[in-house]
Amino acid sequence: MKVQYRACKKCKRLTPEKTCPVHGDEKTTTEWFGFLLITEPELSAIAKRTGITEPGMYAIKVRQ
Ligand SMILES: [Zn+2]
């Protein structure tokens, strides 16, 4: 079974759901590129640069 991940247009968080688990009504999209796994946001330079504060899976780029 293949899970099609979707990305939130607001926070770039990846989820299999059609709406963001954090932003509620915010629609997610399949139009995203790159994969980012953040485990320790405090120690991650990428997390700091992208403004990510919570561990999780994120898309690097999301088409708006
Ligand atoms: Zn979101």
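Trainee: Where does T29 lie?
Mentor: T29 belongs to a strand of this chain. The model is predicted: local features need pLDDT of at least 70, side-chain atom pairs count only at pLDDT 80 or more, and totals for chains, interfaces and linings use all residues. Residues are numbered from 1 along each chain as its sequence is written, and side-chain values use heavy atoms, leaving out hydrogens and water. With strands (E, at least two residues) and helices (H or I, at least four) taken as DSSP runs and numbered from the N terminus, T29 lies in strand 3.

Trainee: Is T29 buried or exposed?
Mentor: Its relative accessible area is 10%. The classes are buried (under 20%), exposed (over 50%) and partly exposed in between, with a 1.4 Å probe and protein chains only. So T29 is buried.

Trainee: How far apart in space are T29 and K48?
Mentor: In sequence, T29 and K48 are 19 residues apart. C-alpha to C-alpha, the distance is 24 Å.

Trainee: Is K61 buried or exposed?
Mentor: K61 is part of strand 5. Its relative accessible area is 57%, so K61 is exposed.

Trainee: Which residues coordinate the zinc ion?
Mentor: Donors are N, O and S atoms within 2.8 Å of the metal (3.2 Å for Na, K and Ca); water is not among the atoms, so sites may look incomplete. Here the donor atoms sit at 1.9 to 2.4 Å. Three are SG atoms and one is ND1, from C8, C11, C20 and H23.

Trainee: What is the geometry of the zinc ion's site?
Mentor: The angles among its four donor atoms are 103 to 120°. Four donors count as tetrahedral if all angles lie between 85 and 135 degrees. The site is tetrahedral.

Trainee: Which spacing do the donors of the zinc ion follow along the chain?
Mentor: The zinc donors include C8 and C20. Read along the chain, the donors fit C-x2-C-x8-C-x2-H.

Trainee: How many residues apart are C8 and C20?
Mentor: This pair links distant parts of the chain. C8 is in strand 1 (residues 6–8), while C20 is in the loop between strand 2 (14–15) and strand 3 (28–29). Both are buried, and C8 has 0% relative accessibility. The separation along the chain is 12 residues.

Trainee: Which residues does the UniProt annotation "binding site" cover?
Mentor: The entry is unreviewed, and UniProt annotations, with positions in the numbering used here and shortened names, may be inferred rather than shown by experiment. The residues covered are C8, C11, C20 and H23.

Trainee: Why do they gather at one spot?
Mentor: They span 16 residues in sequence. Yet they gather because no two of their C-alpha atoms are more than 8.7 Å apart.

Trainee: Which of these residues does the lining of the largest pocket include?
Mentor: A pocket is an open set of points on a 1 Å grid over the protein atoms alone, where a 1.4 Å probe fits, with protein on both sides within 12 Å along at least five of seven lines; lining residues have an atom within 4 Å of a point. K10, R13, V22 and T50 are among the lining residues. From the annotated set, the lining includes C11 and H23.

Trainee: Where is K12, one of the lining residues?
Mentor: K12 has phi near 65°, a positive value in a residue other than glycine. K12 is partly exposed, at 30% relative accessible area. Its place is the loop between strand 1 and strand 2.

Trainee: Is Y58 buried or exposed?
Mentor: Y58 also lines the largest pocket. Y58 sits in strand 5 (residues 56–62). Relative accessibility is 2%, so Y58 counts as buried.

Trainee: How far apart are the end C-alpha atoms of residues 5–63?
Mentor: UniProt, in an unreviewed entry, places "domain: Spt4/RpoE2 zinc finger" at these residues. The span is 10% helix and 36% strand. Its end C-alpha atoms are separated by 14 Å.

Terms used
Tetrahedral: all angles 85-135°; square planar, octahedral: opposite > 155°, others 65-115°.
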